[in-house]
Amino acid sequence: MNFTGKIKTILPVVHGDYNGTANAKRVVVLESDPNEKGYTETYAVELYKTGDFIKHIDTDFDLSEGDQVKTFIGGKANEYNGKYYNSLRVFKIEKVDSF
């Protein structure tokens with residue numbers, strides 16, 4: 001899904017390790033521009049990187065709250081004990097000056 005809107009909140013990076021490979025996750029809350037009725041859509045999405053690419057969501061992360069962005073959001077659903085859980089991930093996020 002393509003999304004255009006602004007960054008509402010940026011949460012701190014969470015570092016981890018899986019089978020000896022370092023990883024990091026950052027959650028970013030995105031908010032759409034209001035529609036014709038004044039409603040907005042809000043999504044909490046994950047930026048996830050491993051190995052040498054961690055720097056892209058940690059030290060090299062150059063987006064700020066309030067920035068206008070364009071991104072592609074992908075989703076995944078997992079089943080556990082008969083219940084389904086969703087996660088939304090961002091494949092690309094870029095700052096835009098205007099729409």
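Modeller: Buried means under 20% relative accessible area, and exposed means over 50%. Keep in mind that this is a predicted model.

Biologist: Is Ser32 buried or exposed?
Modeller: Ser32 sits in strand β3, which covers residues 21-32. The cut-off for buried is under 20%. Ser32 has 14% relative accessibility, so Ser32 counts as buried.

Biologist: Which residue has its backbone nitrogen 2.7 Å from a polar atom of the Ser32 side chain?
Modeller: Look at what Ser32 touches, leaving out residues up to four places away in sequence: Phe3, Thr4, Gly5, Thr40 and Glu41. The backbone nitrogen at 2.7 Å belongs to one of these, Glu41.

Biologist: How many aromatic pairs does a search of the whole structure find?
Modeller: One pair is Phe3 with Tyr43, 5.8 Å centre to centre. Another is Phe72 with Phe91, 5.7 Å centre to centre. The search of the whole structure finds two.

Biologist: Is the pair of Phe3 and Tyr43 stacked, tilted or edge-to-face?
Modeller: Planes over 60 degrees apart count as edge-to-face. Here the angle between the planes is 85°, and the pair is edge-to-face.

Biologist: How many residues apart in sequence are the parts that Phe3 and Tyr43 tie together?
Modeller: Phe3 is buried at 4% relative accessibility. Tyr43 is buried too, at 18%. Phe3 lies in strand β1 and Tyr43 in strand β4, so the pair ties together parts separated in sequence by 40 residues.

Biologist: And is the pair of Phe72 and Phe91 stacked, tilted or edge-to-face?
Modeller: Phe72 is in strand β5 and Phe91 in strand β6, 19 residues apart. Planes under 30 degrees apart count as stacked, and over 60 as edge-to-face. With 40° between the planes, this pair is tilted.

Biologist: Is Phe91 buried, partly exposed or exposed?
Modeller: Its partner Phe72 is partly exposed at 38% relative accessibility. Phe91 has 58%, and the cut-off for exposed is over 50%. Therefore Phe91 counts as exposed.

Biologist: The charged end of which residue sits over the ring of Tyr48?
Modeller: Over the ring of Phe61 sits the charged end of Arg26, 4.4 Å from the ring centre. For Tyr48 the distance is 4.9 Å, and the residue is Arg89.

Biologist: How many residues does the largest nonpolar core have?
Modeller: Strands β1, β3, β4, β5 and β6 each supply at least two residues of this core. Ile7 is among those with the most contacts inside the core. Ile7 touches residues including Val28, Leu30 and Leu63. The size of this core is 18 residues.

Methods
Residues numbered from 1 in each chain as written. Predicted model: local features only at pLDDT ≥ 70, side-chain atom pairs only at ≥ 80, totals over all residues. Heavy atoms only, no water. Helix = DSSP H or I, 4+ residues; strand = E, 2+ residues; numbered from the N terminus. Buried < 20%, exposed > 50% of the residue type's maximum accessible area, 1.4 Å probe, protein only. Polar contact = N/O pair within 3.5 Å; in protein donor to acceptor, adjacent residues only side chain to side chain. Contact = heavy atoms within 4.5 Å. Phe/Tyr/Trp six-rings, centres within 6.5 Å; stacked < 30°, edge-to-face > 60°. Lys NZ or Arg CZ within 6 Å of the ring centre and 35° of its normal. Core = buried A, V, L, I, M, F, W, Y, C linked by side-chain atoms within 4.5 Å.
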